[in-house]
Amino acid sequence: MASQEMEQLVRREYKQGFVTDIESDTAPPGLNEDVIRFISAKKEEPQWMLDWRLAAFEQWKTMAEPDWAHVDFPQVDFQAVSYYSAPKSSEDRPKSLDEVDPKLLETYEKLGIPLHERAALAGVAMDMVFDSVSVTTTFKEQLGEAGVIFCSISEAIREYPDLIKQYLGSVVPVADNFYTALNSAVFSDGSFVFVPKGVTCPMELSTYFRINAENTGQFERTLIICEDNAQVSYLEGCTAPMRDENQLHAAVVELVALENADIKYSTVQNWYPGDEEGKGGIYNFVTKRGECRGDNSKISWTQVETGSAVTWKYPSCVLKGKNSVGEFYSVAVTNNMQQADTGTKMIHIGEGSRSTIISKGISAGRSDQSYRGLVKILPGAKGARNFTQCDSLLIGDQCGAHTFPYQEIGNSTAQVEHEATTSKIGEDQLFYCRQRGISEEDAVNMIVNGFCKDVFKELPMEFAVEAEALLNVSLEGAVG
Amino acid sequence: MSLAEFTDQWLSAVTPQISEGPGWLTDLRQGAVEQFAVLGLPHARLENWKYTDVKALAKRNFSLPGTANASADVESLVNKSSLGLDAIRLVFVDGVFSESASTLGDLPAGVQVLPLAKNANAAKPVLGQVAAANFSGFTALNLAGWQDGVLIDLAANAVLEQPVYLQFVATEQENPVLVQPRILIKAGTHAQATIVEHYAGVEEAANLTNVVTEVDLADGANITHYKLQQESAKQYHIASMHIQQKRDSRFTSHNVCLGGKLARQDIQVELSGEGAEVNLNGLYLGNGRQHLDNHTLVNHNAPHTNSNEDYKGILNDRSRGVFNGRAVVHKDAQKIEAHQSNANLLLSDKAEIDTKPELEIYADDVKCSHGSTTGQLDENALFALRSRGLGEEMARGLLTLAFANEVIDRIEIPAVHDRLEDAVAGRLPEKFNLKGLV
């Protein structure tokens, strides 16, 4: 490739970087009981929820940040972060798109997602999270007919307190780690999905998250419950505007699958990764965990991670039910100065439980990426089975790719396989493509997409297309 | 009581050793004492000791071994546990060199094999050069208080045809003793040698062996190292081996870990010259409540370096196996091949294996892979044997032995190979009924 062209590609700026000027209703920076009371009051929460938050805050104060991950970033000053921000219009929520702030719509426009068209075309209901408050919810009626509850977590706390009390924090305990305690204290919004017995959710549920206000961390809380024989597929995608200061993002996602239930959770994560010198970018410290409580239940995580300056994320499955199934499919791309420490945990408790882990990591630029995974087979998990494959592709000689797979096996009938490879793009593969008149950039894209195919085929169709495009964009300028 | 509180107790156990020997050594030992005071004994919060808890060990009181016991009993014990090699043989009883039991023979020109306690000054250029004192609390403790050992010094182009057989024999002591051997191997350019480190002893021996081995390979040197650990089921065995490799050198390690109540082996390899290659073969077989931990670390510091690792584990009863293989490819170390494989068989529902094959890569022109499997025997292979009239258990036994043999068959010294195959067969469950077949 001509070096000039290369230069251009390398200097390409984050396409989705812009700031919408909306007057935010923002809490002052800092974290104390008053801020938590403020958030809780803003959300019009009942007393028990406030108490829960305050208890979490007490726990958090006694905890220390985890330091075992293979990432390096300046200490976060938790007192400099503002923990709440909502678009001004939250006082009187828009009932339809017409009532939505035109500036908001403009933002979506720039992102290339004309809400009404796209939602209709794709047949997807969008629970839009713009900063911390759900602004608009579509297709709600259709879901209501099926008996599916799909709303913001704040609404669920007010409308379905019994479900929240029963399930919130039951998969990821408040004090699971430093960031879950923090999230439990200050979470501002997120999604709640409840699929009752025997119901297959009529459409794929999708949420678009987007951080907007300056200096505001976003603390989402998502809870998905699938009762016996129920089924749901949930899609989550993120983009964030360009910003110089690091933004903190500490989400918690909990999934509960009862007997024969099937939950599929897909993520495309494209938070702002920082510029090529590593300035700015999102800190993404996420705890995602699903529990297969019922027999024959299934939880499947699929993620495409291209964004964030620092990622710390391990979507996990606790396989309690007999013959329950856990899956983890991941593509992670890091470029420039990005750092990612990501992977999964599969905890086999139930007899005959099975899990599959396919992880594809691509490191370019001066980025550092680690796969960190745990497969734990308890003595009671007779006949448990795990297959793990994690491959890394290195582009350029300044990046790092690491694998830390933990396997703890306490059962002689279990079968656990792990394989990993690390290599660069084969010269012969590149040559083969070039020789047929395909440009180097296209050839690399083809090879990388082929490398990730096992994961992309798990994504819902419209996401798969987006993911491929995203991958190409993320790697632009990395190849030469 | 926390581990830290035992630090002083452990230090006082090695104190008499510190002032032994020449001044430079005392200084070195004193430095190690300070390191140990900082490090203490490893605890489970350290990533490298996550699965191996030495708390129970830390609480024990070990004293220092006295002079070599030369009774007739010991002599017969030494002969009984010997591998019967045609070799240059050095015998250590509870860590103390036994001249009468050893046969140094005639060494070829350029080769020195020296018991360490009496030849401390000869070790000055080598001691502590490859093994960092602060690698772990145990390495610091060894440097502070090693009692005896050996220096094997090979001049350039020296070729030692006979293996060097280092036989460590443990006896039963009223008060369990802390045995700290130091093994130093220095191979000049293109020098070649084979070294066999062997640990065995009486069944009642309940001592702690804390050994550190340093191997320094100059350009083109070729060393084959055997480590056969057959300590009693009451012994504690902590070992770390550190290897420094220069250009085009080659190091092959066969590490067979059968004994010990708690055994921990660390192997650290620094591939620091182009063309250097290391091969690590390992087998661990646990019975009863044994805890067997193997940690390997290969640092690819230079381009064009290769590493191959194959460790196999068989765990029975309530035994627990730990494997941690780590390969690091450093910046600018291009054209690397690093392969790692760890396979485990669990023979009992109470047995456990914790395995972690790690890759850490900071260069792009590499071919690295690792694989790890834990599972059962191949059902098709079992069927094939059953269809030929073998009983189920015997068929399982044969296949299990064949699994172990993949490692044992790489052993090139026939006497060692045969002894080990017997030893492994003997340690497999009786129901397999392998007697007479091997």
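This is a short dialogue on how to read a predicted two-chain model, from confidence down to single residues.

Reader: Before I look at any detail, what mean pLDDT does chain B have, and what are the ipTM and pTM of the complex?

Author: A general habit to start with: where pLDDT is low, the predicted coordinates should not be read in detail. Here the mean pLDDT of chain B is 91, with 96% of its residues at 70 or more. For the complex, the predictor reports an ipTM of 0.85 and a pTM of 0.86.

Reader: Okay, on to overall build. How many helices and strands does each chain have?

Author: Chain A has 13 helices and 24 strands, while chain B has eight helices and 20 strands.

Reader: And why would I call the radius of gyration of chain B that of a compact globule?

Author: You compare it with a rule based on chain length. For 438 residues, a compact globule would come out near 22 Å, and chain B has 21 Å, so the two agree. Along the principal axes, the C-alpha atoms of chain B fill a box of roughly 70 × 55 × 50 Å.

Reader: What share of each chain is buried?

Author: In chain B, 54% of the 438 residues count as buried. For chain A, the figure is 54% of 480 residues. You can also look at how far apart in sequence the contacting residues are. Take the contacts with a separation of 6 or more: in chain A, 84% of them link residues 24 or more positions apart, and in chain B that share is 83%.

Reader: Can you show me burial in one element? How many residues of helix α5 of chain B are buried?

Author: Nine of nine: α5, residues 137–145 of chain B, is mostly covered. Among those buried residues are Phe138(B), Leu141(B) and Leu143(B), but also Thr139(B) and Asn142(B).

Reader: Now domains. Where are they in chain B, and how far apart are their centres?

Author: Domain 1 of chain B covers 4–271 and domain 2 covers 379–438. Their C-alpha centres lie 31 Å apart. The contact between them takes 11 residues from domain 1 and nine from domain 2. On the domain 1 side, β10 (222–229) and β12 (250–257) of chain B each supply at least two residues. By class, that side of domain 1 has eight nonpolar, three polar and no charged residues.

Reader: Then the contact between the chains. How many residues does each chain give?

Author: Chain B gives 31 residues and chain A gives 30. On the side of chain B, the elements giving two or more residues are β19 (352–361) and β20 (366–375). The residues on that side divide into 11 nonpolar, 11 polar and nine charged.

Reader: Which strand of chain A pairs with β20(B), and how do the two run?

Author: That's β24 of chain A, residues 415–424: eight bridges join it to β20(B), and the pair runs antiparallel. To follow the register, pick out partners. Glu419(A) is bridged to Gly371(B), and His418(A) has Ser372(B) as its partner in β20(B).

Reader: What about pairing within chain A: does β22 run parallel or antiparallel to β24(A)?

Author: Parallel, with 10 bridges joining β22 (residues 385–395) to β24(A). Gln389(A) stands opposite Glu419(A) in this pairing. Glu419(A) therefore has a partner in β22 of its own chain as well as Gly371(B) in the other chain. When you look at side chains here, keep the general pattern in mind: in a regular strand they alternate between the two faces of the sheet.

Reader: Last thing, backbone oddities. Which residues other than glycine have a positive phi?

Author: Two to look at are Asn323(A), with a phi of about 55°, and Asp94(B), with a phi near 50°. Asn323(A) sits in the loop between β16 (316–319) and β17 (325–334) of chain A. Asp94(B) lies in the loop between β1 (88–93) and β2 (96–103) of chain B.

Reader: Are these two buried or partly exposed, and why?

Author: You count C-beta neighbours inside 10 Å, and 20 or more means buried. Asn323(A) has 17, so it counts as partly exposed. Asp94(B) has 27 and therefore counts as buried.

Technical notes: Residues numbered from 1 in each chain as written. Chains lettered and ligands numbered in written order. Predicted model: local features only at pLDDT ≥ 70, side-chain atom pairs only at ≥ 80, totals over all residues. Domains from an automatic or database assignment. Contact = placed C-beta atoms within 7 Å. Helix = DSSP H or I, 4+ residues; strand = E, 2+ residues; numbered from the N terminus. Nonpolar A, V, L, I, M, F, W, Y, C, P; charged D, E, K, R; others polar. Buried ≥ 20, exposed ≤ 12 C-beta atoms within 10 Å, placed from the backbone. Rg over C-alpha atoms; globule rule 2.2 N^0.38 Å. pLDDT = per-residue confidence, 0-100.
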